[in-house]
Structure formats: C-alpha cells, structure tokens
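Got your viewer open? Here's a short tour that tells you what to select and what you'll find there.

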Amino acid sequence: MICRKLKKKPLSLTNDGTLCVFFVGVGSAFSKTNYQTNLLIIKGDDHVMIDCGTRAPQALFKLGVPVTAVRHWLITHSHADHIGGLEEIMLMGRYVVRKKPTIVINQAFQNLLWDMSLRGGSAYNEERAGNILTFTDMWDVIRPQWLQGYPRETHEANVGSINLKLFRTMHIPEQSDSWQSSFWSCGVIIDDRVMFTSDTRYDPELLVTFNEKFHIEMIFHDCQFFTGGVHAGIDELAQLPQELKRKMLLTHYGDNWQEKLDRVTSDGFAGLAKQWHYYFF
Ligand SMILES: [Zn+2]
Ligand SMILES: [Zn+2]
C-alpha cells in the first residue's frame, strides 16, 4: 500500500486503474477539525463514494468536486454523519443536472432510509394526481446479492470494476449484543482486499473471521479514544492480535487526535487514516 497526499485540486475521480481509497473526511460525527468519515473508492474510470454526511457536500466543494460529479454511492447506516448530505445529492440530481445518481442498497435498508430519514425533505417536492415522489424517482438502484456461506450476513455488488461486499456490523443500539440484534449498519470489503468497517462497536469476531477468509491487506477501522457508547474504543482495539493491528488504520476519530498519536503507534496500529490522502493498493 502506498499513501500519498492530494497535491492538486480538483480531486480526479479517475486514475490509471489502481485501486484507490481516498478519505474525504476522517473525523467523528461531531468533529470540527476534520470532515466526517466518508470516503471515495476510485479505480480506472470507476468510482463510488461511501457515505455522505452532513458536511460531505462542503468537503467535496473544498476538493473542487461538485456533488453531482459523484455518480455512485453506498450508504452504511442512518446516522447523519453518513446520510446528512443525501438530500442535496437527490435534489441536485433531480432538479439541476436532471440525472439520477446510483446507489448500492438492499431492500431492507432502502425502506428504512427512505421512510425514517429521507422522504420528509424529498417526497413532497412534487405531486401528480395524489402521487408523491419515491426513492426510485431519486436514485437508480444497484441491488446487492445476498451471499451464502459467509461468517455473517453479507451482500455483494459491483460498481463497474469495483467489487463491494457489505457485511453487517454491531453499531447501535449500545445494548445490542450481536450484529443480528443491531439496527441496520454495514461495513465494506473492497475487491476482497481492503476492509472499511464504517461505524462499529468492538467486534473482534468480525475482524478475525473476515481476515481468515480474505487475508485483508488493510483495515480502516472505526475508533474513539474512550470506551463506551456505540463505537470501538482504542483500549478495546488494543487487545486485538498484533497481526491485525499492524494492518489497521484508525478513522472516525475525535478532534483530540494529535494528543493520541504516540498511543496509536505504541499500541501497534499502522496509524490514523489521513484526510485528503490517497491509499493505493
Ligand atoms: Zn459515524
Ligand atoms: Zn454511526
């Protein structure tokens, strides 16, 4: 893996075909010094953006990328740091460029996302003979296939040449004791090589089983600098085997990250994921 800082804006959404992960943001939900943990996967002429938080449109603007230039999306769960920018994506698509973006989403989460989060600001912008807008008026859907024989519920989709495997995670509520009893949330394995957990509590079984199956090259893992609540704490993650920690870059971190850099290294992690850097694989 090679890490390289973005040198020239605008950020290009194409490259020479190398699998690339680019962090539009690396911060926690309420971070004020970094943007929220949302990322772009870029490979050749293909791209997909994972999550679109409240601050993602602003982050893309700062990168020189109009929100309408991002054509493909995958959303991991319903928190606002992952979906808060979607109304802008939908309305800009429908009323400005008049082209629907695509979204990788299964039916269960589509229903939740639309009914519980998005439709209030989207469905009622038009009405024809009593019919209001629906999810598919806003999005072209790529429906992932449920894969059998995986350590936990996993769905697969392709965006051009980019392969995405969506696995269930254990994020909310705090009281749930398994991914099965958690509200919908997922992480992603990209091209069977790179894992992005998105938001999750400490869940060693996830890392051990999927690492065995795929021999993952790098794990971008949710991390907070305290224990408790709905994210993995650094004290918990520090208990993981050395073999896993040395290929883990931590993300979704708080504004006090500079005080924690020594700790991250001394615990044996690869480091903190860096905002506006390319990770090439
Ligand atoms: Zn989050
Ligand atoms: Zn979350």
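Before we pick out any helices, one bit of vocabulary: a helix axis here is a line fitted to the C-alpha atoms over the stretch in contact, and angles run from 0 to 180 degrees between N-to-C directions. Keep in mind, too, that this is a predicted model.

**Stop 1: the whole protein.** Show everything as a cartoon. You're looking at nine helices and 18 strands. The radius of gyration is 18 Å, close to the 19 Å that the globule rule gives for 281 residues, so the protein is as compact as a globular protein of that length. Now switch to the C-alpha trace and turn it around: along its principal axes it spans about 60 × 45 × 35 Å.

**Stop 2: the inside.** How much of the protein is buried? Buried residues account for 42% of the 281 residues. As for who touches whom, take the contacts between residues at least 6 apart in sequence: 62% of those join residues at least 24 apart.

**Stop 3: a pair of helices.** Select residues 86-97, which is helix H3, and then residues 107-122, which is helix H4. The two pack at an angle of about 45°, and their axes are 10 Å apart. That angle is why H3 counts as oblique to H4. The crossing of H3 past H4 is right-handed.

**Stop 4: where they touch.** Show side chains for Leu86, Glu87 and Met90 on H3, then Leu118, Gly121 and Ser122 on H4: these residues make the contact. Try colouring them by class, and you'll get three nonpolar, two polar and one charged.

Key. Residues are numbered from 1 along each chain as its sequence is written. Chains are lettered from A and ligands numbered from 1 in the order in which they are written. This is a predicted model: local features need pLDDT of at least 70, side-chain atom pairs count only at pLDDT 80 or more; totals for chains, interfaces and linings use all residues. Helices (H or I, at least four residues) and strands (E, at least two) are DSSP runs, numbered from the N terminus. The radius of gyration is taken over C-alpha atoms; the globule rule is 2.2 Å times the number of residues to the power 0.38. A residue is buried if 20 or more other C-beta atoms lie within 10 Å of its own, exposed if 12 or fewer, and partly exposed in between; C-beta atoms are placed from the backbone. Two residues are in contact if their C-beta atoms, placed from the backbone, lie within 7 Å. Angles under 35 degrees count as roughly parallel, over 145 as roughly antiparallel, 65 to 115 as roughly perpendicular and the rest as oblique. A crossing is left-handed if the near helix is turned anticlockwise from the far one by less than a right angle, and right-handed if clockwise. Ala, Val, Leu, Ile, Met, Phe, Trp, Tyr, Cys and Pro count as nonpolar, Asp, Glu, Lys and Arg as charged, and the others, Gly among them, as polar.
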